[in-house]
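Please open the structure in a viewer and keep the sequence panel alongside it. The tour below proceeds by selection, stating at each stop what is to be found there.

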Amino acid sequence: MNNKKTVGFLVSGIMDEFTELLVKGVINEASTDEVNIVVIPVKYIHREVKYESELFDYQFENNVANITSSNLDILIVAADCIGCLTTSEVLNAFMQDLKDKGVPIFLVASQLPGYPGVIFDNRTGIIDGMTYLIKDLGLKKICMIKSQDHYIDIAERYETYLEMMEFYKLEVNPKNVISAPLSPLCRDECAKLLDDNPDVEAIICADDAIAIGLYEEMNERGLIPGKDIKVMGFDNSIKGSMITPSLTTVDANAKKLGARAYNMVKMMMDGWNVSTATIPTNFIIRDSFGSFLDTENNNENILDKANIDEYFHRVFYKYDNISGVDGIETLIMFKTLMNIIIDYVEDEQYIPERVTFLSTKLDEFFKTGALQYTDVSVLVSYADRVKTAVMNRFDSYERKVHAYETYSYIMEKLVLTLRSNVNEYKVLLTETSNTLKNLVSDTLNFTTGNDKSYANIMYNLINFGIVNAYLYLYEEPITHYSGEKFVSPDYVLIKAAMTNRQIVIVPPELQKISIDKLYNNRFVTDNKYNMVLMPLFFHEKVYGTILYDLTDVTFRNGEFLANQYATVIKVIDIMKK
């Protein structure tokens, strides 16, 4: 039996970026402790379904029935993520139901009265971003797209927006602010804001997902973020950094938030009283503020040695999120490169040896893994700004030619480095895709409908690097319709177990497992683990759950895997009957 403490983490869906980083922050911080982590996705409670693909997502909420005071020592809840598409009344009722289970609760990225937790500092990043818009760029017509008022994080961002507008004596009227879902599916709201404010100069978005939806609406209208309208998000999501133009945002580091959450949870398990803590955020300026797009910003300061540090942190903004000495080589090499370039410009004579030395240092710079700390579009734009500033320093045609040749060499090196990274990614993507394509055929490769057929699911999970998995089914499938209360039986049947790749078909006399022993019974590994509990359902029929290792593949394809395994179980059930 596994006697370690078990921490549950109630999240929305495991395949969104913010949740993945939150969970990884918890897991990384707990890596040296003898604690098990179980991630329990429940999707978005009581939401209005707009797409057929979402029709049966309500079944994820059944996962709550698998939480008891006997199988979890404490429960971390990402409440605002889970309730982001519902009302405050529904979310509070959901939290009360959880509280009634008797499991201590800790909130992350959420703040509700009566619960300890950890949240982002929502004010600093917004203040810095709006100060830049108003003081540095001289903008006056600034609008905001927020979300439902019951999210304290969003409310703080909105209040900060209002305070900044009041501080600078700028007008705000009702049509300048609109509420939208925390999702790219906010085109209608974005369209209304643009229609009502044709003279808008900048838009503050409550998070990056809304900003992505705004980008789509602006693109439809032929508007360019950063040029026609400045756009700012919040969260510093990977998607936000990859869109074009790259999105100015507030870096709210989800990994750090998860790590802090676990540290506070650990204190709670040790008997300490904790309240609500806040972690800092940082304003990150990118192309959606015109930072590297506007030709007017091509100034001489970029060739000032006193500004090298400032530009490093603006270009390689991800460097600020790392700890210790990791990445210090990148910073040193960047400073070396810029010093070489500035000396090259300030020297009255063209010296080929200095260009050769630059070439050597450029190779060393890319070998440090510099690209992991920036976005490609930002780095290319920065290089282009340096080129323009260098060319403006030279009067002679000969020196301009030399400078252009040097710049072309730098860009060639960058392209080759990017091509190498893309090829590696494509190989990995192809391998994963082929494995997924074979998923259904592999798991359906059985001829009789009996308990032995469940072994195919375990064998298939091995293909995804999963070494521990436990299949729990109800005695009979439960029919559950949307809007009904799901009532789980007190026990389940463990049909198949895999521990360290060793697969066991559990004999009938040993299958009955109490819900209280879901994460800790004779079949579950004695080793420390990090797992996810996925519901198994096919439309209205709920068959049970599957508990398996939480890996990078799980984060990318976890819901797809569970859906396919549910299909397999449905087929086995039909064949049995």
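**Cysteines**

A search of the whole structure, which is a predicted model, finds 0 disulfides. Select Cys190 together with Cys186: the sulfur of Cys186 is the nearest cysteine sulfur to that of Cys190, at 3.7 Å, and Cys190 is in no disulfide. Because a disulfide requires the two sulfur atoms to lie within 2.5 Å, the separation of 3.7 Å does not qualify. Cys190 has 0% relative accessibility and counts as buried. Cys143, the next cysteine to display, is likewise buried, with a relative accessible area of 0%.

**The parallel sheet**

Next, show β7, β6, β8 and β9 as a cartoon. These 4 strands make up an open sheet in the order β7-β6-β8-β9, with parallel pairing. Its edges are β7 (177–179) and β9 (230–232), each of which pairs on one side only. From one strand to the next, the twist averages 15 degrees.

Select β6, residues 142–146, and β7: 3 bridges pair them in the parallel sense. Ile145 has Ile178 in β7 as its bridge partner. Then add helix α6, residues 187–196, which packs on the sheet and touches β6, β7 and β8 (202–205). The direction of α6 makes about 165 degrees with that of β7.

Now display the side chains of Lys146 and Tyr158. Lys146 lies over the face of Tyr158, 5.1 Å from the ring centre.

**A buried loop residue**

Move to Ala109, in the loop between β4 (105–108) and β5 (117–120). Is Ala109 buried or exposed? Its relative accessible area is 7%, so Ala109 is buried. To see what surrounds Ala109, select Phe18, Asp80, Val118, Ile119, Asp153 and Leu257; Ala109 touches each of them, residues up to four places away in sequence not being counted. A distance label from Ala109 to Tyr151 should read 9.9 Å, C-alpha to C-alpha, for two residues that are 42 apart in sequence.

**Aromatic pairs**

Select the aromatic side chains next. The count comes to 12 aromatic pairs. One of these is Phe56 with Tyr58, a tilted pair at 6.4 Å centre to centre, with 40 degrees between the planes. Phe56 and Tyr58 are both buried.

Phe60 and Phe537 form an edge-to-face pair, 5.7 Å centre to centre and with 80 degrees between the planes. Phe60 belongs to the loop between β2 (35–41) and β3 (74–77), whereas Phe537 is in strand β17 (residues 530–538), so the pair ties together parts that are 477 residues apart in sequence. Both Phe60 and Phe537 are buried. Keep Phe60 on display and add Lys43: the charged end of Lys43 sits over the ring of Phe60, 5.5 Å from its centre.

Before leaving the aromatic residues, select Tyr132, Phe283 and Phe289, which ring pairs link into a cluster.

**Strand β14 and its partners**

The last stop is strand β14, residues 491–499. Of its 9 residues, 7 are buried, so β14 is largely enclosed by the rest of the structure. Display its pairing partners in turn:

- Strand β13 (residues 469–479) runs antiparallel to β14 and is joined to it by 5 bridges. Ala469 has Met498 in β14 as its bridge partner.
- Strand β15 (residues 502–505) pairs with β14 in the antiparallel sense over 4 bridges. Here Thr499 stands opposite Gln502 in β15.
- Strand β16 (residues 512–514) is joined to β14 by 3 bridges, and the two run antiparallel. Leu493 stands opposite Lys512 in β16.

Centre the view on the hairpin of β14 and β15, which has 2 residues between the strands. Within this hairpin, Asn500 takes a positive phi near 50 degrees.

Finally, select Lys495 in strand β14. With a relative accessible area of 9%, Lys495 is buried. Which residues are in contact with Lys495, leaving aside its neighbours within four places in sequence? They are Asp451, Tyr454, Leu471, Leu473, Val504, Ile505, Val506, Gln511 and Lys576.

Key. Residues numbered from 1 in each chain as written. Predicted model: local features only at pLDDT ≥ 70, side-chain atom pairs only at ≥ 80, totals over all residues. Heavy atoms only, no water. Buried < 20%, exposed > 50% of the residue type's maximum accessible area, 1.4 Å probe, protein only. Pairing = 2+ DSSP bridges. Axes fitted to C-alpha atoms, helices over the stretch in contact; angles between N-to-C directions. Contact = heavy atoms within 4.5 Å. Phe/Tyr/Trp six-rings, centres within 6.5 Å; stacked < 30°, edge-to-face > 60°. Lys NZ or Arg CZ within 6 Å of the ring centre and 35° of its normal.
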